[in-house]
Amino acid sequence: MTRPNLGTLGTGTAVLVLGVFLLLQANGAIELNGAQSLTGLGACVIAALIASSFGRRIALRGAEPEEEDLPSAALAREAGRISKIGFAAGILLGAGLLFAWANGSLEAVGKVALAALVVTVALILISAPFWIAMVRRLGTERVARARSEERSEVAAHLHDSVLQTLALIQKRADDPEQVARLARRQERDLREWLTDDQPTRPDERLADALRAAAAEIEDSHGAPIEAIVVGDAALDERTNALVGAAREALTNAAKFASEGGPVRLYAEIEDGEARVFIDDRGPGFDPKAIPDDRHGVRESIIGRMKRHGGRAEIRSEPGDGTEVELTMKRDGR
Amino acid sequence: MSSTPSVVIVDDHGIFRSGVKAELEEKVEVLGEADSVETAVRAITDHAPDVALLDVHMPGGGGVEVIEQVSKQRPQQRFLALSVSDDPKDVIAIVRAGARGYVTKTITGDELVDAIKRVHEGDAVFSPRLAGFVLDAFAGDLPAEEVDPELDQLTAREREVLRHIARGYMYKEIALRLHISAKTVEAHVSSVLRKLQLSNRHELSRWAVSRRLVD
């Protein structure tokens, strides 16, 4: 994991050698003529070139199969780029020095300062691989930590939901209605958890409020309800009334009409208008013969919609199911 | 058309395959089964069933991959997607890949037999949920210059038919309610299927892209 980048190391070493060489020459410790200096410099550059390309290959080949995650591959590429930059910097520095030396403008003080600079750059280049390795290690650790956190979150969810439900189902194996209800609730919960990118907001959004009402009534009455909602809008006074009326219609259907198949809610929410249909295949009834004490239909559905500027139509015939259509114009277009 | 259509069942869950097989007994001829993309492609090309029943999710690529590979050898093969997933991404992707319909695994045996016959006869099969997705995907107006009216918009009638499917009505009931023939209902649904498969509406393209289906 902490493989040093040989390319950077090579470049750094070459620059270091160059720096030391210049330092010695500036101090008068060694005396060289132009040709000898040029040869030395050339050797340094060639050594850096070879070390750099060789080292980069090793660094990349070493990093990729060893660690599969993307961050470390990206870091290996990063290391390769840094070694390339280091190499270019080394050559530029060498060329600059060569130029200055050839011009004879490299005075004693300047020579020492320049040599010190070269040595500093060299040290930075040599230590670079270790910094890179450290950054890479931190990145890998962070990825691993995120993964393990995610795994325990999934495990916790499965434990709280699916395992609990399975235990309940085994206990209630002799009560098919209860088993079906438990399975359905679990299915709904798991689906929501798997597909929803954002948490549902039944207190703020019409679509979520309608789905939540359907789920709640399905649970409390043990009657399957299929809810399909197209579009969405914010909840306000009017749309709240719409949810209330839909809830009442769903409750009636779940209570009296769930024998003939699932109760269905279909809602279409557009810019100016929201429409909700509640259909069942139950025994049906004569809408004109609703007794006055049946508050559900008269007050909670028809009256409520009317009071908020909407309308409710109920079509039913004995033996042919019931459909409730709720229409609400929405505020401000 | 023969009265007992033949199928190949593709699903990686053995329990589910045997359940479907038991439900289809005598009404549909089951020619073979498969539990992976590779075995599915072989079973479908070998047996040439009237309809291939396809699971959306499978190890090694899923139903979309099966459709792509089989279509190269048998472009006339008809597919019906059968899945527990009701994620619009999955559903729209498999229909755009070429399935002529999508039903959920909770469908009753009789409804499934009916759906298989329908696909066999070249019609489209929309579950209430798929109808809801389509209405959602085609909702809203597009800038006029970007609209191909042939493909990017549903007619008022098509919308009305889809709305009734989403409300859980059968084709026959819809025909009765809208005062049209059952054949006309089928024609509307087939037309919607075509638009769903060919339209470039951004919602549809987005769902397809997220499954890497585009080119």
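The questions and answers below concern a predicted model and its confidence, one helix and one sheet.

Residues are numbered from 1 along each chain as its sequence is written, and chains are lettered from A in the order in which they are written. In this predicted model local features need pLDDT of at least 70, and side-chain atom pairs count only at pLDDT 80 or more, while totals for chains, interfaces and linings use all residues; side-chain values use heavy atoms, with hydrogens and water left out.

User: In which helix of chain B is confidence lowest?
Analyst: The pLDDT, the predictor's confidence in each residue from 0 to 100, has a mean of 86 over chain B, with 91% of its residues at 70 or more. Helices are DSSP runs of H or I with at least four residues, strands are E runs of at least two, and both are numbered from the N terminus. Confidence in chain B is highest in helix α7 (residues 156-166), at a mean of 95, and lowest, at 66, in helix α10 (residues 202-209).

User: How far apart are the end C-alpha atoms of helix α9 of chain B?
Analyst: The expected span is 1.5 Å times one less than the number of residues. Because helix α9 of chain B has 17 residues (182-198), it should span 24 Å, and this agrees with the separation of its end C-alpha atoms, 25 Å.

User: What is the order of the strands in the open sheet of chain A?
Analyst: Strands pair if DSSP finds at least two bridges between them, and β2 (residues 263-269) and β3 (residues 273-280) of chain A pair in the antiparallel sense over six bridges. The sheet has five strands with mixed pairing, in the order β1-β2-β3-β5-β4.
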